[in-house]
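Reader: I am in my first year and would like to learn how to read a protein structure step by step. Could you take some questions from me?

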Amino acid sequence: MNPDQVRLTAFVKGRVQGVGYRWWTRARALELGLCGSATNLDDGRVEVVAEGPEPACRELLALLPAGPGRVTFVADRWGPARGDLRGFIER
């Protein structure tokens, strides 16, 4: 495992479902060379999981409030990359 790789998990709150937020997040993540997923949660949030170089993950985190809809809060959690992700999918 590459020690320069990290795993970002972000929970995005606001009006972020039904507005293209997961698609937008996937596009930004792929532009940054990240793997992961964007998932609608039952409580109305979107969970974003991304792995890759820390600077790219931090850039994605900084972009999340600018996505479509209306983001009111982003909570982030960091850890070492697991290496179990391929591509970037919308769930």
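The questions and answers below deal with salt bridges, cysteines and one helix of this predicted model.

Reader: How many salt bridges does a search of the whole structure find, and which residues are linked in a network of them?

Author: The search covers the whole structure of the predicted model, and it finds 5 salt bridges. Some of the charged residues are joined in a network of salt bridges, and the members of this network are R7, E51 and D84.

Reader: Which residue meets E31 in a salt bridge, and where do the two residues lie?

Author: The side chain of E31 meets that of R28 in a salt bridge, with 3.0 Å from N to O. The two residues are 3 residues apart, which is about one turn of the helix, and both of them lie in helix α1, residues 21-31. The partner asked for is therefore R28, a residue that counts as buried at 17% relative accessibility, and the place is helix α1.

Reader: Is E31 buried or exposed, and why is R28 described with the opposite word, buried?

Author: E31 has a relative accessible area of 59%, and because exposed means over 50%, E31 is exposed. For R28 the relative accessible area is 17%, and the cut-off for buried is under 20%. R28 also touches L60 and L63, when residues up to four places away in sequence are not counted. E31 is thus exposed, while R28 is called buried because of its value of 17%.

Reader: Which residue of helix α2 does R58 meet in a salt bridge?

Author: Helix α2 runs over residues 54-63, and R58 has its partner in this helix, 4 residues away, about one turn of the helix. R58 counts as partly exposed at 42% relative accessibility, and the partner is also partly exposed, with a relative accessible area of 32%. The side chains meet at 2.8 Å, N to O, and the partner is E54.

Reader: What is the N to O distance in the salt bridge of R45 and D43?

Author: R45 is partly exposed, with a relative accessible area of 27%. The side chain of R45 meets that of D43 in a salt bridge, and the distance from N to O is 2.7 Å.

Reader: How many disulfides are found in the whole structure, and how far from the sulfur of C35 is the nearest cysteine sulfur?

Author: A disulfide is a covalent bond between the sulfur atoms of two cysteines. The search of the whole structure finds 0 disulfides. C35 is in none, and its nearest cysteine sulfur belongs to C57, a residue that is buried with a relative accessible area of 0%. The count of disulfides is 0, and the distance from C35 to that nearest sulfur is 9.6 Å.

Reader: Which residues of α2 are buried, and which are exposed on the other side?

Author: The buried residues of α2 are A56, C57, L60 and L61. They cover an arc of only 140° around the axis, so they are on the same side of α2. What covers these buried residues includes β1 (5-15), α1, β3 (46-53) and β4 (70-80). The buried residues are thus A56, C57, L60 and L61, and the exposed residues on the other side of α2 are P55 and A62.

Note on methods. Residues are numbered from 1 along each chain as its sequence is written. This is a predicted model: local features need pLDDT of at least 70, side-chain atom pairs count only at pLDDT 80 or more; totals for chains, interfaces and linings use all residues. Side-chain values use heavy atoms; hydrogens and water are left out. A salt bridge is a side-chain nitrogen of Lys or Arg within 4 Å of a carboxyl oxygen of Asp or Glu. Buried means under 20% relative accessible area, exposed over 50%, partly exposed in between (1.4 Å probe, protein chains only). Contact means heavy atoms within 4.5 Å. A disulfide is a pair of cysteine sulfur atoms within 2.5 Å. The arc is that of the directions from the helix axis to the C-beta atoms.
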